[in-house]
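Me: I am new to this structure. I would like to know what stands behind the labels people put on it. Can we go through some of them?

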Amino acid sequence: MKATRFLILALLVWSLAPLTWQLYTSFCIDQALVTPFASLNQRWTLDHYQSVLNSNPPFIRYLLNSLFVGGLSTFLTLLLAIPSSYSLSKMGRRSSLVIKFFLIGCALFPYVLLFLALLEIARYLQLGNSLIALAVPYAALSQPLAILLLTNAFSDLPAELEDAARVEGLSVVQRFRWILLPLISPAIASTAILVFLFSWNEYPIALTWISDSGKLTLPVAMARIAGSSIHSVPYGPYAAATVIGSIPLILLVMVFQKPIVSGLTTGAVKG
Amino acid sequence: MFTIRKRSLILLTAAILFISSSLLCLSVLAKRPDNVSILMAAPFADSTSELVKIFNQKNRGRIHLEVIKGPLETEAISDLAISSLLLGNTPFDGLLMDVTWVPKYAKAGWLESLDNYFNEDDLNALAEGADEGNHYQGSLLRWPLNADIGLLYWRTDLMDEPPRTPQELESISQKLQNGGRIPYGYVWQGKQYEGLSCVFLEIIDGFGGEWFSPDSGRIGLDEPPGLDASEWLNHLIQTGVSPRAVTNFAESEALQSFKSGQAAFMRNWPYAWAELQKNDSQVRNKVGITTMVAEKGHQPAATLGSWGLSLLKGSAHPESTVEAFKFLTSEESQRYLYTKYGNTPTKAEIFNDQKLLENYPSLQSIGEALAYARSRPETPLYAQISVVLQRKLSSSLTGMTTPVEAMQQAERSTAQVLEAAGESP
Amino acid sequence: MPLLILLIPSLLFLVAVFALPLFRYTWLSFHADSVMTGLVAIPNQGANWQRFIHDTRYLQDLFQTLRFSVVSVTAEIVLGLVIALILHQPMRKRALIRSSALIPWALPTTVMALGWRWIFNTPYGPIDRLTQSWLGQSLNALGEPSIAWITTVYADIWKTTPFVALILLAGLQTIPSDLYEAAKLEGAGSWICLRRITIPLLLPYLGLALMFRLAQAFGVFDLVQVMTGGGPASSTESIALYAYWNALRFLDFGYSATIMIGSFVILSSLILITWLVVTTARNRSQQSLAR
């Protein structure tokens, strides 16, 4: 028992120590960062947070942009993936296997390699600097995983259930709305969270599609963050930005830990 | 009671409607101001913010200038500018460009020529050195905002005279270090990035060589001066004159180290001067500036790192944009930018201003060094050949290859890059 | 038939995002399309491929990317298994502990990449201060080529191990507990249980995590771009970073496309080989289990 407790402690230190250090850094004055053990009269400050929050555009803007893109692409993904996975679960074994293989192939593709072609598409269709347009490639890139997860959820439902509903005279839409969707809602929730996390964290495409500073998403804004001055290494504001940028996700994980774990448990690997 | 209130409400609504519609008419009748936007790296966006306000006040109703604040690092802002240009629909009218971008942007067809906006007199008013790197294939494509050059900073409290040759720099450093007066001799930019190419250019020229000449297609890395330069930089780290960590130093790290009194020499740009005179600096009033060291018999070289304003193709208001350029680079603006932010001026007149020189003695040394300004190779392929050099230098500085091998490999890779692009050397 | 109609929108999207780019890259790879051609595509008779084959820089980046992928994925699988086993135990505050362990995975890569740059900073970061006071020597974690790539591997392990643990945790929950009870009755210790029951039954999950992670690690981009920019001495430069530079910094789209399509071919064959190895291993273990 003692060994387990020690392991848990080690695990927590491993995961949280870097973040704690960033938290500490974000409250230190610049002088204290360079000489951490010197005794300084004034060690703590909120300046870094002020400089990050008052920058132009304010940091909150990036969070809102990411939230918007994340929300929209999650919605789009589900809109496409739910019907697709339903039909995939009802398909014959051989044809569904072919499609599943194709999907797995797509899911395994390192999508970074697509950025040049996507940039050309954005240029050709004038999609640059639009957060709404950015949600489209995100939704497309999330399709394989979303369809695979949801297909498994649909396949787990007993076939008699739908037959019974059909006998009762419910139309396809009604069956979907009143029987199937409620039953797979846990799987939908966990897929939604995974897609949201992907869109929130995505970097290379946002980097090439968005150049307008008012429309940057969080990961790009972080990489591009302009310190208040060129003359010193702006680690204080960096750290403050890290902390502010992490808070929404930490909350998200805290609240949705259960569906995240259970979503993958529903059998992502059965295919 | 009720009717009165109702009537007054109607009156109020009518009044509001009347006023707003007449305002709308007026604003439509009056010429809408030209909206001009310029993308700048963060420090320049900050330093010009007051000037922009003045410009907008002066041109109220005619031109509205907006400066878009880009990221801090040169490479990050280049990525940003290029991706905005690739996305099409030029999102800004003007771009503050590093001197090395000019040929590439020109060749890609993104720049509008400025020949019609600036005349011979304007060009002649530029200080020697500041007039370099603004043309490509005969047309003026950029108007300089500042004239950054690489300088050698030295500690006046540790020595009477700055070193003139590489050997002197080393021996002074070692004497000071052995005497325990200072932990390190010389700090510079040894990280694998553009700054390392700037450092190297000064040394190879100081040894009498040339990195690459776009006109003749000759590469000088695998020649005695190139090899000497590479070996000398390596030697600095080996002998401890420069700290090991210099292989991860950019400008700000070098400045931090020098500012806290840990080194006798530093290579940096002119802006560092103002920073070293601040209250929290350990070396306040103990710093001199001069040109980089050079081998006996050769001229010192100062890498030109200037920033300038370019007009982008597709701008809706080219005249107004150039007007903004002229205001931002006027003598008055330059004086302000120099005294307040340490941005090196580009007009010859300012360097001869006796009153300014009295208050800012460093200006004289900067002006003298400016005469030794050297551009990095002016070719659209610059980014590629510079990356080749940085890569090989970095691997020699970190002990992965010998300095000689590094230069041989760099020479070969540079030739390959040129050949692949159809520019056979 | 109506079933297929429901699938069509998704499939069209996938074709647009995955298949079209590959065709476009293939086409571009036979054209010069760079700043020297004024950003216009001109056929160049396979010159890009000639250059690709002889590109020592690509070769170095390929080696480095594979080194990064293999080392980090191996470590992630081992550590991920350990973490999954810990998190699977009944314990107090399990939800809170699970959430805390998941946090690194949820954060954007660029956010922590900046953090790592500060943590491994020489000489002011905490790690360097520790080595300075303990070993009397600076570690120079981001300035020394032989160490910098390990630093990036470490950062990757920190971020993605929770993801691997998550998949394995899902797998652990599918193993019926009476299997363990039966084994305990026969006197098997926990080590034997792990080797005979847990790992064989987890194999499909391990294989899934392995393939997913290998593919992603092969495309490593955000982390190195922000943390090291590829340096020092290009020792952390990845294939994706090189392709990105060719496109956005050197404005050579023809060659950038060549790198990407070339890398795609290399990666596909690697995945195929891994998949074959994993399936044969799985079949073999199932046979031994049946016996």
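The turns below take labels and set values against their cut-offs.

Me: What kind of model is this?
Reply: It is a predicted model.

Me: Why is B:Ser257 called buried?
Reply: The cut-off for buried is 20 or more other C-beta atoms within 10 Å. B:Ser257 has 20 such atoms within 10 Å, so it is buried.

Me: Where is B:Ser257, and which residues does B:Ser257 touch?
Reply: B:Ser257 lies in helix α10 (residues 251-259) of chain B. Leaving aside residues up to four places away in sequence, B:Ser257 touches B:Val187, B:Gln262 and B:Ala263. Contact asks for C-beta atoms within 7 Å. B:Tyr184 is 73 residues apart from B:Ser257 along the chain, and their C-alpha atoms are separated by 9.3 Å.

Me: What makes strand β15 of chain B largely enclosed by the rest of the structure?
Reply: Strand β15 covers residues 307-312, and 6 of the 6 are buried, so the strand is largely enclosed. Both faces are covered. On one side, B:Trp307, B:Leu309 and B:Leu311 are buried. On the other, B:Gly308, B:Ser310 and B:Leu312 are buried.

Me: How do you know that β3(B) pairs with β15(B)?
Reply: Pairing needs at least two bridges. Strand β3 (residues 94-98) of chain B has 5 bridges to β15(B), and the two run antiparallel. That count meets the cut-off, so they pair. Within this pairing, B:Leu96 stands opposite B:Leu309.

Me: What about β4(B) and β7(B): how many bridges join each to β15(B)?
Reply: Strand β4 (residues 111-112) has 2 bridges to β15(B), antiparallel. Strand β7 (residues 143-144) also has 2, again antiparallel. At least two are needed, so both pair with β15(B). B:Glu112 has B:Leu311 as its bridge partner, and B:Pro144 has B:Gly308.

Me: Which domains does chain B have, and what separates their centres?
Reply: The domain assignment gives domain 1 (34-148 + 305-374) and domain 2 (151-303 + 381-420). Their centres, taken over C-alpha atoms, are separated by 27 Å. The contact takes 18 residues from domain 1 and 21 residues from domain 2. On the domain 1 side, α16(B) gives the largest share, 4 residues.

Me: How many residues of chain A and chain C are in contact, and of what classes is the chain A side?
Reply: 63 residues of chain A are in contact with 70 residues of chain C. Helix α12 (residues 235-265) of chain A gives the largest share of the chain A side, 16 residues. By class, that side has 48 nonpolar, 13 polar and 2 charged residues.

Definitions and conventions
Residues are numbered from 1 along each chain as its sequence is written. Chains are lettered from A and ligands numbered from 1 in the order in which they are written. This is a predicted model: local features need pLDDT of at least 70, side-chain atom pairs count only at pLDDT 80 or more; totals for chains, interfaces and linings use all residues. Two residues are in contact if their C-beta atoms, placed from the backbone, lie within 7 Å. Ala, Val, Leu, Ile, Met, Phe, Trp, Tyr, Cys and Pro count as nonpolar, Asp, Glu, Lys and Arg as charged, and the others, Gly among them, as polar. A residue is buried if 20 or more other C-beta atoms lie within 10 Å of its own, exposed if 12 or fewer, and partly exposed in between; C-beta atoms are placed from the backbone. Domain bounds come from an automatic or database domain assignment.
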